[in-house]
Amino acid sequence: MEKKSKITPRSLSFKQILARVISYIGKKFSSSPPDMLMYMGPSIRSCCYSIGKDRLDEFKRIYGDGNYYHNTHGKIYIDLPALIRRQARDMGICRGHIYD
């Protein structure tokens, strides 16, 4: 019996997931990132998503420093939509084509 590897969403970074989605859409619709529109639905926001320092270190290792997190009253909060918008722009989707 052939053994297949299993990839779960947890094992992929947001960057890898977004890259795969953009690549798939590009092939499926013969489109390139500057021509794509991106709509983001409801999601957890920075007001509600607190993480520990070890998790922040992991985010920084993968995504670098940026404006996708802040420290308030000793707690660290992540803004996932901000991180996704930044990644989308880095992959070539125009700022004016990202709707949140």
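Reader: What makes Lys53 and Asp57 a salt bridge?

Author: In this predicted model, the closest N and O atoms of Lys53 and Asp57 are 2.7 Å apart. The cut-off is a side-chain nitrogen of Lys or Arg within 4 Å of a carboxyl oxygen of Asp or Glu, so the pair counts as a salt bridge.

Reader: How do you know that Lys53 and Asp57 are separated by about one helical turn?

Author: They are four residues apart in helix α2, and therefore about one helical turn separates them.

Reader: Why is Lys53 called exposed, and what is Asp57 called?

Author: Exposed means over 50% relative accessible area. Lys53 has 52%, so Lys53 counts as exposed. Asp57 has 36%, which lies between the limits of 20% and 50%, so Asp57 is partly exposed.

Reader: What other salt bridge does helix α2 hold, and what are the accessibilities of Arg55 and Glu58?

Author: Arg55 forms a salt bridge with Glu58, with the closest N and O atoms 3.1 Å apart. These two residues are three apart in helix α2, so about one helical turn separates them as well. Arg55 has a relative accessible area of 23% and Glu58 has 31%; both values fall between 20% and 50%, so both residues are partly exposed.

Reader: How many salt bridges are there in the whole structure, and which one links distant parts of the chain?

Author: A search of the whole structure finds four. The side chains of Asp100 and Arg45 meet at 2.8 Å, N to O. Asp100 sits in the segment after β5 and Arg45 in the loop between β1 and β2, 55 residues apart. Arg45, Arg85 and Asp100 are linked in a network of salt bridges. With a relative accessible area of 30%, between 20% and 50%, Arg45 is therefore partly exposed.

Reader: What makes the largest nonpolar core a core, and which elements give two or more residues to it?

Author: A core needs buried nonpolar residues joined through side-chain atoms within 4.5 Å. The largest has 10 residues in all, among them Ile51, Leu56, Phe59, Ile76 and Leu83. The elements giving two or more residues to this core are α2, β4 and α3. Apart from it lies another core of eight residues, including Leu18, Met40, Ala88 and Ile98.

Reader: Where does Ile76 stand, and which residues does it touch?

Author: Ile76 is in β4, opposite Ile51. Leaving aside residues up to four places away in sequence, Ile76 touches several residues, including Tyr49, Leu56 and His70.

Reader: How do you know that β2 and β4 pair, and which are the edge strands?

Author: Pairing needs at least two bridges. β2 and β4 have two bridges in the antiparallel sense, so they pair. The open sheet runs in the order β2-β4-β3. Its edge strands are β2 and β3, since each pairs on one side only.

Reader: What makes Val21 eligible for the nonpolar surface patch?

Author: A patch residue needs over 30% relative accessible area and no salt bridge. Val21, in helix α1, has 41%, so Val21 passes the area cut-off while counting as partly exposed. Ile17, Val21, Tyr24, Ile25 and Phe29 make this patch of about 470 Å².

Conventions: Residues numbered from 1 in each chain as written. Predicted model: local features only at pLDDT ≥ 70, side-chain atom pairs only at ≥ 80, totals over all residues. Heavy atoms only, no water. Patch = residues over 30% accessible without salt bridge, like charges linked within 9 Å, V, L, I, M, F, W, Y side chains within 5 Å. Areas by Shrake-Rupley, 256 points an atom, 1.4 Å probe, with all protein chains shown as cover. Buried < 20%, exposed > 50% of the residue type's maximum accessible area, 1.4 Å probe, protein only. Contact = heavy atoms within 4.5 Å.
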